[in-house]
Amino acid sequence: MNIKETNLQGCFIVQPDVYKDNRGCFYESFNKLKLEEKLGYQINFVQDNCSVSKKGVLRGLHFQEGSFSQAKLIKVINGKVVDIVVDLRKKSPTFGQHIKVELSGEDSKMLFVPKGMAHGFLTLTDDVFFSYKCDNYYNKESERGIIFNDSDLKIEWGYSDIDLILSEKDLALPTFNSMF
């Protein structure tokens, strides 16, 4: 398993060793000891979430704040997505910056997102099965978000806004500057 930090401090790409043969493949999708060694702290995942989406669905940018903030280990089991992470940690040197990572069921690459980040993804194929572990339970009152097309964040999703499929809730999210 190869774990490499991204440009956002504490945010890691996790690439498992995939063993393929004539039967299919096998890989270790999570190893607590290896991840904690790279993170430098303990992580205790308590909740797994899954979504299934058709092509063109954009979910995000979401986060939970305060004592319900969540770290996440994200993977795509089927299909392909563009995954976006925005640093919301005010004391971070990369505050307000984002990374863009392509995840797919074919390459088995995962993304570890630490607490204090907003997260969203856009499905590039039909029948995307998206899965992630959280180190804290969902709390509706702590749920927050930032509008996907925020002009200050300058995120290039790679799709025209009119071709995207978003929930009414995600279309009504505030801007980055109105929150910070």
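Let's start in the middle of a sheet: isoleucine 84 stands opposite glycine 120, a residue of strand 11. This is a predicted model, so read every value here as computed from predicted coordinates. The pairing of isoleucine 84 with glycine 120 belongs to a longer run, since seven bridges join strand 8 to strand 11, the latter covering residues 117–123. The two strands run antiparallel.

Now look at another partner of strand 8. Strand 9, residues 98–104, is also joined to strand 8 by seven bridges, and here too the direction is antiparallel. If you want a landmark in this pairing, take valine 81, which has leucine 103 of strand 9 opposite. Strand 8 itself spans residues 80–87, and seven of its eight residues are buried, leaving the strand mostly covered.

Follow the chain out of strand 8 and you get to phenylalanine 95, in the loop that leads to strand 9. This is a good place to think about rings. A search of the whole structure turns up six aromatic pairs. One of them is phenylalanine 95 with phenylalanine 176: the centres are 5.4 Å apart and the planes make 45°, which puts the pair in the tilted class. Phenylalanine 176 belongs to helix 3 (residues 176–179) while phenylalanine 95 is in the loop between strands 8 and 9, so this pair ties together parts that are 81 residues apart in sequence. How covered are these two rings' residues, buried or partly exposed? Phenylalanine 95 has a relative accessibility of 29% and counts as partly exposed. Phenylalanine 176, at 7%, is buried, because the cut-off for that is under 20%.

Phenylalanine 95 has another ring to deal with. Its centre lies 5.7 Å from that of phenylalanine 180, and because the planes stand at 80°, this pair is edge-to-face. Phenylalanine 180 sits in the segment after helix 3, so here the loop between strands 8 and 9 is tied to a part 85 residues away in sequence. With a relative accessible area of 31%, phenylalanine 180 is partly exposed. Put the ring pairs together and Phe95, Phe176 and Phe180 form a cluster.

Elsewhere, a ring meets a charge instead. The charged end of lysine 133 sits over the ring of phenylalanine 30, at 5.6 Å from the ring centre.

One more loop deserves a stop. Serine 69 lies between strand 6 (58–64) and strand 7 (72–78). Despite being in a loop, serine 69 is buried, with 10% relative accessibility. What does serine 69 touch, leaving out residues up to four places away in sequence? Its contacts are Gln64, Lys115, Gly116, Asp135 and Asn136.

Finally, step back to the whole chain. It has 13 strands and three helices. Its radius of gyration is 16 Å, close to the 16 Å that the globule rule gives for 180 residues, so the chain is as compact as a globular protein of that length. Along the principal axes, the C-alpha trace spans about 50 × 35 × 30 Å. Of the 180 residues, 48% count as buried. Contacts reach far along the sequence: among those with a separation of 6 or more, 79% are between residues 24 or more positions apart. As for the surface, the chain exposes about 9,700 Å², and carbon and sulfur atoms supply 49% of that area.

Technical notes
Residues numbered from 1 in each chain as written. Predicted model: local features only at pLDDT ≥ 70, side-chain atom pairs only at ≥ 80, totals over all residues. Heavy atoms only, no water. Buried < 20%, exposed > 50% of the residue type's maximum accessible area, 1.4 Å probe, protein only. Helix = DSSP H or I, 4+ residues; strand = E, 2+ residues; numbered from the N terminus. Pairing = 2+ DSSP bridges. Phe/Tyr/Trp six-rings, centres within 6.5 Å; stacked < 30°, edge-to-face > 60°. Lys NZ or Arg CZ within 6 Å of the ring centre and 35° of its normal. Contact = heavy atoms within 4.5 Å. Rg over C-alpha atoms; globule rule 2.2 N^0.38 Å. Areas by Shrake-Rupley, 256 points an atom, 1.4 Å probe, with all protein chains shown as cover.
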